[in-house]
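Biologist: Could you take a close look at one part of this protein for me, the second largest cavity? I'd like to hear what lines it and how it sits in the whole.

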Amino acid sequence: MNRLVKTALLAGAAWTALSGVALAQNAQPASEGQEATSLGEVVVTARRRAEALQDVPVAVTAITAETLENKGSADITELARSTPSLTLNSARGSNSTLISFIRGVGQQDPLWGFDPGVGLYIDDVYVARPQAAVLDIFDVERIEVLRGPQGTLYGRNTIGGAIKYVTRRIGDEPSISLQGAYGSYDQFDAIANVSGPVSDTVGISFGVARYLRDGFGTNLNTGTEHYNKDVTAARASVEWTPTDSLFFRVAADWVQDSSNARHGHREFAPILASEYDTRAGAGDPNDVQTRGISLTGEYVVNDMLTLKSITAYRDGETRGNIDFDNLPTPILDIPAQYDDDQFSQEFQALLNGDNWSAVAGVFYMDATASGAFDTVIGLANLTTLTSGSVDTKSWSAFGDLTYDFTDQLSVSVGGRFTSDEKTGTVFRQQYLGIRSPFFGNAAAVPLGAPRTNYTRTREFEEFTPRVSVSYEITPDLTTYASWGRGFKSGGFDMRGDAVLYPNTVDGYDPETVETIEIGLKGTLFDRFSFATAIFDSSYEDQQITTQYPAGATVASVVDNVGSSSIRGWEFEGSLRATENLVINGMVSYIDAQFDEFLAYIPTGPLNATCPTLVGCFVDVSNARDFQNTPEWTGSVSATYTHWFEDGSELALTPSVAYRGAYQQFETASPLLDQDAYWMYDASAVWTSASDRWTVGFHGKNLSDERYRTGGYSFPGALTGDSLIAFYGAPRTFTARVGYKF
C-alpha cells in the first residue's frame, strides 16, 4: 500500500479519535473542584499578526524562552532535537554559518549568491545570508518555526519554511539580568542585559554575551584548538511611544565570531583516532562579523487599521580557510572570503473587521553578496581562483484575507507577486603556483585565459498564492486544510567553469514547491495540547549543486535537475500529566523521492545514453536521494517541577531525541552518510521564590554519540583522496547561575 495512503489512514483515525474525545469533553462540564491545569494559550505572529497558535492554519512550532532556558539550549541548532521535520547544523568548516532544511527543502551550500531555502528572520527582518546565522540564545522571547512554503507572507526563499527569532520587548519596570556559565572543555559564558523605561514614553535595552570554549579536538599539525568557540554578540534597542497610537523601535545587533576554522576529520587513510582532531596545514585563523540595524514603526489609525513600517540594513564579512585533505601539505586547500550587505524596506497594513482580518503590504530589498576563494591543488602546483558577486534587487506586493463565514468556519486567501533582478559576475582563472595573487602569492603565473569571465543579468517573476480553510470543531479543537506555493529565486553559479560547462553563463531558473496540508490542533481536558498534520509537496526545478574533481581543479554545476515528491506526517504535543509533571513530544515522518534528476555528465562516453563528448544530462533519479532528510525523527522530554516550602522551585528535564539515517549529499557516500542515532540530554534548574536567582545544570549528548553533520568527498590522486566529515558536539556538562535585579 502506498506510504502516503497508510499515513493518511493513520492520521484519519487520529482525527476521528481526537475529535470524538474533544466532543465528549465539551459535553461534560468540569467539576467545581477541578484543578486549573491548563497549559495556557500560545500567541504567535506566523501570519504577520498576533494570533492564538490554535487558530493559525499553518504547521508552526513555538518555543518559549522559559522552555529554552530549562533545556539549557545554547543556540538555535538545538531546535532540531524537538521540532518536527527540521534540520539545523553549523555549516561545513564554520562555527556560525547556518545550514537549514525543513521537510526536505533547504540548501547546504552557503556560497555567496546562492539563496537558502529556509528563511531566517530576526523579529520581522529577513536575513538574506547564512553567515553568522547560528544565533546564540539570549534576550529572546520565543522562536517560531513555520513549516511548509511561506511564499505569500514571507516571500522568496521560504519554500521550505521560515524561522522567526523574536526578541523581548522592553517592559514597564527596569531590570538587570546577569548570567554566567562554566562547563566542559573550559566553557565560559557571560551574558548581561539591561532594560527598562527612561521616561514615560522611552525605553532602552542593551544586552551583551561572551562565549568561550576550548576545542573538542586539536590541530595536531599546528597545535591549535579545533572545534573551539570564541564569539561576542550584542543587541541594543530603543523604544518610543509618544502616544497611545504610535510606536517606534530602533534595534541593532552585532556578532563577532573568532573561532578557529573547522577543517573536519579525515575519514580515509590516514585516519586520526579522535573525530575532532585534524592535521590541516591550510591555516587556522577564521573571522566572521555581521551587523544589523532596523527601525520599526507602528501607527494605530483606528480600531480597523494599523500601519507598520520595517526599515533595515545588514552587512557582514567572513575570512577563513578549509583544508579539504586534512594533511599538513597543501594538497586540497581552500582559503576564502565572503562579503555581503542588504537594505530592505517593508510596509504593512493590518486590517480588522467584525468578521474578517487582513494584512497587505509591499517589500523591497537591495542586496549584494560577493566573495573569492582559491582551490589549491598542491601536487600539481596549480591554483584556481574563483571570485565574483551577485547583486539582487527584489520587490513584491502581498496580501492575505481571512473571512469568518460562521463562528466555526473561516477561509483565508492570499497571494504575493515577486520580481527579482539579479546581476551575476563570475571570474575563474588558473595559476601556476600555490595560492593566487588574490590570496597573497604575487609570484603566481596565470595559466592561459580565464576559464570563466562574464557578467549577466536575469529577471525572475513569480506569483505565490495560498488558500486555507479552518473549522472549529469545538472551542478547543480546530482542523484546517491548506494549499500553498513557494519559490526560490534563480541565479548564477559562482563556481561555474565555462570550459567544462559552457551553459553556466546562462545561470539557473527558480525552483517551486506546491504543498497540500491537512492539520488538526487543539487542547483536550485542559491537559493535553497538540498539533498534527499530513502534507504532500510537489517540488519542481530543484536547484542542486554538484561538485567533482576535474583534472587539476574542482568543478561545479548548479542546475535545475528535475522534480520530486515529498509526503509526510508530523505530530507534536504537550501533556500536563500532574500539577508537577509536563511531558512534551514530537514525531515526524518524511517520504521524499526524486521523480527526475538530470545529472550533468561533463565528458560522457559516446553511446546511446550520452551520444556526445562535450557533456549531456542523464536521468539518475533511481540513484539519488534527498540530503539532510531522515525518514523518521522524534523526541520526548519531561519536566518535573517541585515547589519548596520557601516558594522556590526545582525543574528537572530529561529528554531523548531520535534521528533516522540520512545522506550528506544526493549521491550516497557510505563513509560520510550518517546512521540513525539517539541523543540524551538532562537539565536541572532551580529558581528562587523571588524569581531573582536561577541555578542550572545541563548535560548534553550524555551517551557521547559521534554523529556527522556534514562532509566533503573529492576522490582522486591529485586531491589526496579527500574524504572529510564534520561532527556534532560530544558529551558536555554546563553549570549556569543567573541573577535579576
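Modeller: Sure, and let me settle the classes before anything else: Ala, Val, Leu, Ile, Met, Phe, Trp, Tyr, Cys and Pro count as nonpolar, Asp, Glu, Lys and Arg as charged, and the others, Gly among them, as polar. With that split, the lining of your cavity comes out as 14 nonpolar, 11 polar and four charged residues. Keep in mind that this is a predicted model.

Now the cavity itself. Searching the whole structure turns up 13 cavities of 30 Å³ or more, and the second largest has a volume of about 470 Å³. It is lined by 29 residues, and those closest to its centre are I322, I334, A336, Y338 and Y712. As for elements, β20 (305-323), β21 (333-352), β22 (356-377) and β39 (708-714) are the ones that each give two or more residues to the lining.

Zooming out, the protein's secondary structure amounts to 41 strands and two helices. Its C-alpha atoms fill a box of roughly 85 × 55 × 55 Å along the principal axes. The radius of gyration is 26 Å, which agrees with a compact globule, because one with 741 residues would be near 27 Å. Buried residues make up 58% of the 741. Among contacts with a separation of 6 or more, 67% come from residues 24 or more positions apart. As for the outside, the accessible surface is about 29100 Å², and carbon and sulfur atoms hold 58% of that.

Technical notes: Residues are numbered from 1 along each chain as its sequence is written. This is a predicted model: local features need pLDDT of at least 70, side-chain atom pairs count only at pLDDT 80 or more; totals for chains, interfaces and linings use all residues. Side-chain values use heavy atoms; hydrogens and water are left out. On a 1 Å grid over the protein atoms alone, a cavity is a set of points where a 1.4 Å probe fits but cannot get out, and a pocket is an open set with protein on both sides within 12 Å along at least five of seven lines; lining residues have an atom within 4 Å of a point. Grid points are joined across faces, edges and corners, and a volume is the space filled by probe spheres set on the points. Helices (H or I, at least four residues) and strands (E, at least two) are DSSP runs, numbered from the N terminus. The radius of gyration is taken over C-alpha atoms; the globule rule is 2.2 Å times the number of residues to the power 0.38. Buried means under 20% relative accessible area, exposed over 50%, partly exposed in between (1.4 Å probe, protein chains only). Contact means heavy atoms within 4.5 Å. Accessible areas come from the Shrake-Rupley method with a 1.4 Å probe; for residues, only the protein chains shown count as cover.
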